[in-house]
Amino acid sequence: ENMSAPSRRSILGGAIAGSALSAVAARPSVGFPVERVFAGLTLIRGPVNSAIFERNGKLLVIDSGSLGSRELGGVPQWLLFTHHHRDQAMGADKLVVAGARAIAPDAEAHLFERAPEVWEKADSVIYHRYKFRPHLFTLYNAVPLAKRVRDRDVHEWEGLRFEVIDTPGQTDGSVTYLVETEGCRIAFTGDLIYGPGQIQNMYSLQKTWPGMPGGYWGFGGAVPDLKASLRRVLDRSPDMLIPSHGKPMRDPRKAVEELNHNLDMVMKNYLTTTAWRTFFKQVLPPEAEPRMLQPMSKPDYPSWFRDIAVTTKAIVAGDKSVFLFDCGFSAPVSKLVELQKNGEIGRIEKLWITHYHDDHVDCVNRIKERFGAELYVQEEMADIIEHPEAYNMPCLSREPARVDRVLRDGEVFEWKGFRMTPYYFPGQTLYHAALLVEKGGVRLLLTGDSFGNWGIDDYCSENRCFVGSGRGFEKCLELLLRLKPDMLVNAHSGAIRFSEDYVLKTLEVFRQREMLYRKLLPWDNPNFGLDPFWLRAYPYKQSALPGSRVELEVRVLNHSDQTRMVQASLVLPDGWRPVVVSGTSRLAAGQEGRIRLSAIAPETRNPRRYVLGLSAVFNGTPVGEVAESIVDLLN
């Protein structure tokens, strides 16, 4: 406080810009780039930026990541963590056992101290997921805390004062540590900002907007939190920002101004099309709402098509037999029984599913068992319907269902005078299909949850909604322009007329969105920053006998436009024995590669549930343990 901001900045400009941050060396004992920020302050730039303060032969570390005492140069006296994400603190449990003392945000203390409980209760997050904070990108092993901190707390150590600022953003409990050293005030900001104008990813900002029943609809809901947090940091006049991911920033105000602008442009673009604005009308104040396309008048269904219940629709043939579409929860069963009893419909012969969400599949097995219906599914959908436990996706049903017929993209089939063509339709979610139904000159396209009136259902990042031509909603819009159906049928809101003008306008919004994401996200393709599961375990969850060999695949989707190399490794819990724990794959642009790994489970069932970590080096850059696989041992 006894040094003015201008003089601090002049020191920063001379000492740091001149040599310190540009002097990047590789220490053999570390294997990551190392930056000497000041005498007594070193930055190891591994999967996260780990800051090491050295004073009087003692160490203090901010966000130690997976580093151990050897890489850090000894056992730190103190470990300070900005937030609970797994990559921030993977090696902390071992450092604490060795004698380090840990500090973490009070609001996230349970995610450190009771981490195993999170995983024991993880099924409540994996299935029927509509809430997203905190999510499962968190520690496996407990890290006892010596101290919990909150806004305005100060941790004093060896003449330095680490001031705490509450800075929610990518997590609700994140904090920033502000410290002055060598005449420079440095803010360690966690994942608030990646670099000037950029954040590391968009999916961690999924959060309920005020007035919403859950975070599922809240794409970008944490943006206001993040911007307010950055204002609080700037109010303390830092000279430098050091993020968890990205490079140190020597002009904090300019970096934040650029980020605020880029976030505002992305959200303005997004809010012009998002479908939740058609049913959560009071979420945003009117002045914050960009104009959407006006709703269109609803056409009448053809006589052979009807609503059944909730998301369920049906074709009724001339002999009263039924081809059913989607069947969530229990309402369709009782309604179908009633219609059969009244003689309005006959046998339910076929069932088609647009996508795997629970409100579209939860009574598939009841429909099949009660009425003998055969289940038809488009090929990109088949596996998640038959093996939902293998995926970590929102709104996942617990019930696997056997598929009777798998249909290829564009494969035409006939049913009682109706011509039907399935299409891969990755709009609301990556695992989604549409079905074109044609009869008597009427062309009706069942779009599941991918279009409202007029809105786009891309409000959940974890559904894996991508941008770019031939991907995500752009692929769907391009298909609509090619098919030009008479009407689109949304599973929830019913029919709307096809409008080429509306589709072209929406397509232009998405093309602009991709350009805006390229400014906001630091990846060579923005889909890496939109896809929380670009690297994932398959199966995500499985059961095994004690002492048995457990196998899984690391599946890596290369969003880049260039060929990339990936090396993936299993990080095994105590008691597991390695078999094949690492492998490499060369991935062409847009390709999803698979690396098979395996290990031997412990002989005893204690604990019941284990979490196997997956770490990776992608295109030469270590990204840390960004994925996991759950294994439950059987009796």
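Me: Which residue lies over the face of Y538, and at what distance from the ring centre?
Reply: This is a predicted model, where local features need pLDDT of at least 70, side-chain atom pairs count only at pLDDT 80 or more, and totals for chains, interfaces and linings use all residues. Residues are numbered from 1 along each chain as its sequence is written, and side-chain values use heavy atoms, with hydrogens and water left out. A charge sits over a ring if NZ of Lys or CZ of Arg is within 6 Å of the ring centre and within 35 degrees of the ring normal. For Y538 the residue and distance are R555 and 3.7 Å.

Me: How many aromatic pairs does the structure hold?
Reply: Rings of Phe, Tyr and Trp (its six-membered ring) pair if their centres lie within 6.5 Å; planes under 30 degrees apart count as stacked, over 60 as edge-to-face and the rest as tilted. The number of aromatic pairs in the structure is 38.

Me: Why is the pair of F528 and W534 edge-to-face, and are these residues buried or exposed?
Reply: The ring centres of F528 and W534 are 5.3 Å apart and the planes stand at 90°, so the pair is edge-to-face. Buried means under 20% relative accessible area, exposed over 50%, and partly exposed in between (1.4 Å probe, protein chains only). By that rule, F528 and W534 are both buried.

Me: How many residues apart in sequence are the parts that W576 and Y610 tie together?
Reply: The rings of W576 and Y610 have centres 5.7 Å apart and planes at 75°, so this pair is edge-to-face. Helices (H or I, at least four residues) and strands (E, at least two) are DSSP runs, numbered from the N terminus. W576 is in the loop between β29 (564–571) and β30 (577–580), while Y610 is in strand β33 (residues 609–618), so the parts tied together are apart in sequence by 34 residues.

Me: Which residues have the most contacts inside the largest nonpolar core?
Reply: A nonpolar core is a set of buried Ala, Val, Leu, Ile, Met, Phe, Trp, Tyr and Cys residues joined through side-chain atoms within 4.5 Å. The largest has 94 residues, and those with the most contacts inside it are I315, I367 and I385.

Me: Which are the edge strands of the open sheet with the order β20-β21-β22-β23-β24-β25?
Reply: Two strands pair if DSSP finds at least two bridges between them. This open sheet has six strands with mixed pairing. The strands that each pair on one side only are the edge strands, β20 (413–415) and β25 (494–497).
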